[in-house]
Amino acid sequence: MIPYGRQNIIEEDINDVCETLRSDFLTQGPKVVEFEQAISEYCQVKHATAVNSATSALHLACLALGVESGDLVWTSPISFVASANCALHCNASVDFVDVDADSGLMSVKALEEKLAIAFANDRLPKVIIPVHFSGQSCDMHAISSLAKKYKIFVIEDACHALGAVYLENKVGNCQYSDICVFSFHPVKMITTGEGGVALTNNNIYYEKMTKLRSHGISKSVHFPPWTYEQHHLGYNYRMSDIAATLGLSQLKRLESFVTKRRYIATQYKEKLNNFRFKPILQCKQGESSFHLYPVLVTDSDTRRALYDYLHLNGIAAQVHYIPIYQQPYYKKMGHLPLPNSEKFYQRTISLPIFFDLTFNELDLVIKVLNDFEGA
Ligand SMILES: *Cc1c(COP(=O)(O)O)cnc(C)c1O
């Protein structure tokens with residue numbers, strides 16, 4: 001089976017990790033600090049807090065911005081459940097902003113309209129979490145202007161978009177957000193096994209996130225020397241030095257990972273029948289990292305038939321994503337379907353795109369697709 005995505009691990013990764021295994025530090029130590037510095041430098045951002053998953057990073061980000069009971073957080077339904085769960089973990093409520101039906105990205109128009117209504121009803125969200133679906137940045141300039149207008153915080157869920165560019169800069173520089181989060185799960189752009197990071201230019205958010213990552217404990221300046229003090233209720237969300245070592249080794253290849261993914265995307269665009277397999281809209285403001293390569297087909301019956309056909313032909317295409325509000329847990333809360341999110345979900349399917357996909361495999365996928373006879 002050709003998967004839709006998978007990690008690339010080479011001998012250097014393995015050797016570096018083995019070296020760390022022979023060192024004094026297995027849990028959070030010098031490699032985590034080194035990894036945080038490397039990521040901040042790559043993204044041109046002031047601070048990085050490395051953690052054990054992006055789910056944890058999103059939770060810490062919400063906590064750092066003071067999300068609590070009674071607050072409202074808005075995100076995109078075309079995402080992984082973690083984008084919304086982080087608000088619930090803070091006892092806040094979640095609501096969803098519809099996407100653009102051609103790109104799957106949070107629609108600025110839908111956001112603008114929803115904000116105007118929320119303002120009139122005195123029920124504005126505290127935080128908006130736009131999701132850089134498939135590796136393409138949302139229109140952060142527009143989203144951050146709206147957020148400023150209504151005094152709302154912005155967390156970028158950039159789990160797909162490490163290596164992507166937005167308005168000439170790397171996604172992650174937090175020019176248009178308070179905090180930006182990446183994931184290092186194996187299907188993402190680089191991996192640490194499990195892992196994530198929260199980036200920010202704000203000293204206070206950074207300090208809060210680092211403290212809450214490790215039980216809310218800080219080293220005491222008081223005597224006796226063994227003292228440590230817990231001032232807040234934190235978590236154990238630490239990244240291990242083993243994971244950070246893998247991340248450091250992977251980060252060296254990030255540019256080649258992105259280049260290969262962009263090449264695959266171009267091949268799909270050039271060689272697939274674009275009427276039957278419509279590539280999602282790529283905005284002019286940036287360059288996607290192509291974590292995913294979703295195409296849109298005419299209707300849900302065609303998508304179903306195509307999914308089965310591809311799997312029969314050894315191609316494990318996947319669907320990203322079932323709108324979060326359709327999850328039984330969210331349905332219970334009474335969320336209603338959003339028209340463009342429904343439309344997008346019905347028609348989308350993600351094709352294989354990853355560094356180790358060979359040219360032969362790519363040609364095979366293209367041929368199999370173009371031979372598809374329909375529903
Ligand atoms: C993968 C992913 C997450 C969660 O990342 P983990 O590191 O697995 O916790 C959150 N949001 C999006 C959009 C993702 O793709």
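## Polar contacts to the ligand

In this predicted model, a polar side-chain atom of Tyr 321 lies 3.4 Å from an oxygen atom of the ligand. That makes a polar contact, meaning a pair of N or O atoms within 3.5 Å. His 160 also puts a polar side-chain atom 2.7 Å from a ligand oxygen, and for an N or O atom in the side chain of Lys 188 the distance to a ligand oxygen is 2.9 Å. The protein covers 93% of the 380 Å² of accessible area that the ligand has on its own (Shrake-Rupley method, 1.4 Å probe).

## The shell around it

The shell counts 15 residues, with Thr 55, Asp 157, His 160, Ser 183 and Lys 188 the closest (a heavy atom within 4 Å of the ligand). Sorted by type, six are nonpolar, seven polar and two charged; Tyr counts as nonpolar here, and Gly as polar. Helix H3 (54–64) and helix H4 (82–89) each give two or more residues to this shell (helices are DSSP runs, H or I, of at least four residues; strands are E runs of at least two).

## A three-stranded sheet

Elsewhere, there's an open, antiparallel sheet of three strands in the order S13-S15-S17. Strand S13 (278–279) and strand S17 (348–351) each have a single partner strand, so one side of each lacks a neighbour in the sheet. S15 (residues 293–296) pairs with S17 over four bridges (pairing takes at least two DSSP bridges), and Val 295 stands opposite Ile 349 in S17.

## Ground rules

Numbering starts from 1 along each chain as its sequence is written, and side-chain values use heavy atoms, without hydrogens or water. Local features need pLDDT of at least 70 and side-chain atom pairs 80 or more, while totals for chains, interfaces and linings use all residues.

Note on methods. Polar contact = N/O pair within 3.5 Å; in protein donor to acceptor, adjacent residues only side chain to side chain.
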